[in-house]
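Colleague: Could you walk me through this model? I have a few short questions.

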Amino acid sequence: MRSPKKKISAVVLALCLSIPLFSAHPLEARAAGLDYSKNLIQNGGFENGMTGWTDPDGAWGNDDDSCLPSHSGRHYAWPYEKGKSETKIYQFIELDDDCDGLPLSFSIYVGGDPDTGLEKSYAILEFYSEDGKLLYEFSKEHIGAPWEQISVQMKVPANTKRICVTCKGVRRSGSLCDSYFDDAELYIARKTFEVNGMRFLITKEADGSGEGGECSIDLARQGSVEGADLNKATNPSDNKTYQITGIRAKAFKNYDFSSISTDEDFTMQFMNVKDIGAEAFKDAKGLRVVWLNAENIGKEAFSGCSGIKSLYLGTRTRTIGEKAFFNASAMKKIEVKGAIERADHAAFKGITSKCDIKVRISDDDLFAKVKNLIRRAGANGKFSR
């Protein structure tokens, strides 16, 4: 074709990176009980020109269905300009949340020249880390008449921060590249349940034990934490009890704990946590004493928590993210028992010289190392053992 959530203790599951691939339309995945909230691809049906897409060659447009019936709506993407033997459009999707290991579903309809069957069309997904490293790529080609659905269901690779969706066409005959794309959809699923206004994300199903497996606190709405057992939660839909093994990014962001207690010694304990997500408690109010034993404390996890007076870090703590305790200006005491290996930029910036920082490590060299890490990360307190 030539046209056309007084003490609280909780535990975080490190989501595994298995990447099984199989064809499945997003609607089929929804039927399996996965919650797909919205299509992450902007203008996936190309009804609004090329809005959201980058066209480095300036060769693409959203042709109407006057020459080729679109898969849906009135428009589809097509590199209609002559002389482009290989050309592409793409868009980057920034992941603000921690999506490691969550189910992902991608689908796009792809077409080619029905007359010659020579043109090649490619649908490509690329997964990138924060530093730009390519973690994984999915690519599939189409040759022949429209419309073929290219789809894939998989788990988001660990450490993914950006996803690139690419439509590429390759001209093999004639003067035009007859590669057509329509109805691009990309969803990241959350299998969730709610109890008293607190949302939980199921991260691991039990293996035939009759119990529900594991879940993470995904979102705590105001007032929902009071009286809650944050070691386990029962899913009202299947009456299975899930062990709470995680606190996800932004779960308690802006939460006002003073609604639960105004006690100056109000304590939060998370002694079994492995990871605390980025911004998990950012700008939360009413926190006074915090006990952590997390291996990893995410970027800005407690940033802006200006009410925290005492912080206890257990033996497992290894990495502390950028601005993790930024502007914790009321901090009077920090006690560290673990051999911290990394404290990123400004992790303790804003903690004053009045803060008593005890590093409970007997080895002289290791004590000095941890002390220097904390100091370089912005803490100006008095160090001792």
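Modeller: Below we go from the overall make-up to a few serines and strands.

Modeller: This is a predicted model, where local features need pLDDT of at least 70, side-chain atom pairs count only at pLDDT 80 or more, and totals for chains, interfaces and linings use all residues. Residues are numbered from 1 along each chain as its sequence is written, and side-chain values use heavy atoms, with hydrogens and water left out.

Colleague: How many helices and strands are there in the protein?

Modeller: There are 2 helices and 25 strands; helices (H or I, at least four residues) and strands (E, at least two) are DSSP runs, numbered from the N terminus.

Colleague: Serine 216, buried or exposed?

Modeller: Serine 216 counts as buried because its relative accessibility is 2%. Buried means under 20% relative accessible area, exposed over 50%, and partly exposed in between (1.4 Å probe, protein chains only). Serine 216 sits in strand β13, residues 213-220.

Colleague: What does serine 216 touch?

Modeller: Leaving out residues up to four places away in sequence, its contacts include Arg199, Phe200, Thr245 and Arg248. Contact means heavy atoms within 4.5 Å.

Colleague: New topic. Why is strand β10 largely enclosed?

Modeller: Because 8 of the 9 residues of β10 (residues 180-188) are buried.

Colleague: Which way do β5 and β10 run?

Modeller: Strand β5 (residues 103-111) and β10 run antiparallel, joined by 7 bridges. Strands pair if DSSP finds at least two bridges between them. Serine 107 has glutamate 185 in β10 as its bridge partner.

Colleague: And where is serine 173 found?

Modeller: Serine 173 lies in the loop between β9 (162-170) and β10. The C-alpha atoms of serine 173 and glutamate 119 are separated by 7.1 Å, although these residues are 54 residues apart along the chain.
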